[in-house]
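Student: Hi! I have a new protein open on my screen and would love some company while I look through it.
Tutor: Happy to help, let's take a look together.

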Amino acid sequence: MARQQATPVADTEAGPSEPPKKKSRAGRDLPAAIGVGVLLGGVAIGTLLFWPIGWLPVLAFFIPIATHEVIRRLREAGYDLPAVPLLLGGQAMIWLSWPYGPAGVLGAYGGTIVVCMVWRLVGHGLRQQPVNYLRDIAATVLLATWVPLFASFTALLIFQDRGGARVFTVIATVVFADIGGYVAGVLFGKHLMAPAISPKKSWEGLGGSLLFGVGAAVLSVTFLMDKPAWVGVPLGLMLVITGVLGDLVESQVKRDLKIKDMGTLLPGHGGIMDRIDAMLPSAVAGWVVLTLLA
């Protein structure tokens, strides 16, 4: 999710013999970020509008990449995570949503955790006592919940009435909240929201996120889902709040690991995980609100 800028950040990376790269006031390589965002948005919109069930293979492609980005970063910091069961378990959570719905996702999640616990216990042989077992399993459970489980809630939305429109509504709300936070933060951001975690977030940026996010939610539920406009108000509020908190969670994890980005796959964005950090908890909130109210 975009950083809601409070103060300009100087570019100090360019060498003396190279012209400095043009970046936005939020520190992004803005042209690259826009290009990548348009490409990813086009894939999502095309899939959801013309082949909603195709959202499952989209998730099955991108979620393992995001999971592996976090595994790699944690391993660089000395954690020992069971990559194979995490990656396979993530696939099970996504695909078992198709025939079994929430029960399939929950069963796959529980099975993944059990296998990971045993895998980490005996992975180095029964004669060798595991080191930092509790720490590594705690990180494993966090990762299994944070990435594949949360993402699977968008898979569950696909099988509801007008499922493609529901997933599109969730994504569009988070994206427009991101845009609103970026614009308001750059133009008006003065009061820092959480400087110890994310020094570029401002309360003014949060206001922009609420304005754009709630507006996008109201319009989406009205014209795409044919639901009462008021449904978009609690939906927008929940998605903006969970999106901001999801961004802060990833920011704190990266601070703990002393890294800037989880990956480098997407120019201007970092890795896949850096792009979907706000989407993941918002997927849970979106499923809850739309299941109960729409």
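**Salt bridges, cores and the overall fold**

Tutor: Let's begin with a pair of charged residues: Lys254 and Asp274 are both buried. Keep in mind that this is a predicted model.

Student: What do Lys254 and Asp274 form with each other?
Tutor: They form a salt bridge, with the closest N and O atoms 3.1 Å apart. Lys254 sits in helix 8 (residues 232-257) and Asp274 in helix 9, so the pair ties together parts that are 20 residues apart in sequence.

Student: How many salt bridges are there in the whole structure?
Tutor: A search finds nine. One of them joins the side chains of Arg275 and Asp178, at 2.8 Å from N to O. Arg275 belongs to helix 9 (residues 272-276) and Asp178 to helix 6 (residues 163-188), so this pair ties together parts 97 residues apart in sequence.

Student: Arg275 and Asp178, buried or exposed?
Tutor: Both are buried.

Student: Which residues are linked in a network of salt bridges?
Tutor: Asp80, Arg120, Arg135 and Asp136 are. Within that network, the side chains of Asp136 and Arg120 meet at 2.8 Å, N to O. Asp136 lies in helix 5 and Arg120 in helix 4 (residues 97-122), so the pair ties together parts that are 16 residues apart in sequence.

Student: And how accessible is Asp136?
Tutor: Its relative accessibility is 0%, so Asp136 counts as buried. Arg120 is buried too, with a relative accessible area of 5%.

Student: Switching topic: what about the nonpolar side? How many residues are in the largest core?
Tutor: The largest nonpolar core has 59 residues, and those with the most contacts inside it are Trp55, Val147 and Met273. Helix 5 (residues 133-158) gives the most to this core, with 12 residues.

Student: Where does that core lie?
Tutor: Domain 1 (52-159) and domain 2 (161-293) both contribute residues, so the core lies between them.

Student: What is Trp55 in contact with?
Tutor: Leaving aside neighbours within four places in sequence, its contacts include Leu48, Thr154, Ile158 and Val167. Apart from the largest core there is another one, of seven residues, among them Ala177, Met193, Val240 and Val244.

Student: Zooming out, how many helices and strands does the protein have?
Tutor: There are 10 helices and two strands. Along the sequence, the pattern runs α-α-α-α-α-α-β-β-α-α-α-α.

Student: And how much of the protein is buried?
Tutor: Of its 294 residues, 48% count as buried. The protein exposes about 14200 Å², and carbon and sulfur atoms supply 71% of that.

Methods
Residues numbered from 1 in each chain as written. Predicted model: local features only at pLDDT ≥ 70, side-chain atom pairs only at ≥ 80, totals over all residues. Heavy atoms only, no water. Helix = DSSP H or I, 4+ residues; strand = E, 2+ residues; numbered from the N terminus. Buried < 20%, exposed > 50% of the residue type's maximum accessible area, 1.4 Å probe, protein only. Areas by Shrake-Rupley, 256 points an atom, 1.4 Å probe, with all protein chains shown as cover. Core = buried A, V, L, I, M, F, W, Y, C linked by side-chain atoms within 4.5 Å. Domains from an automatic or database assignment. Contact = heavy atoms within 4.5 Å. Salt bridge = Lys/Arg side-chain N within 4 Å of Asp/Glu carboxyl O.
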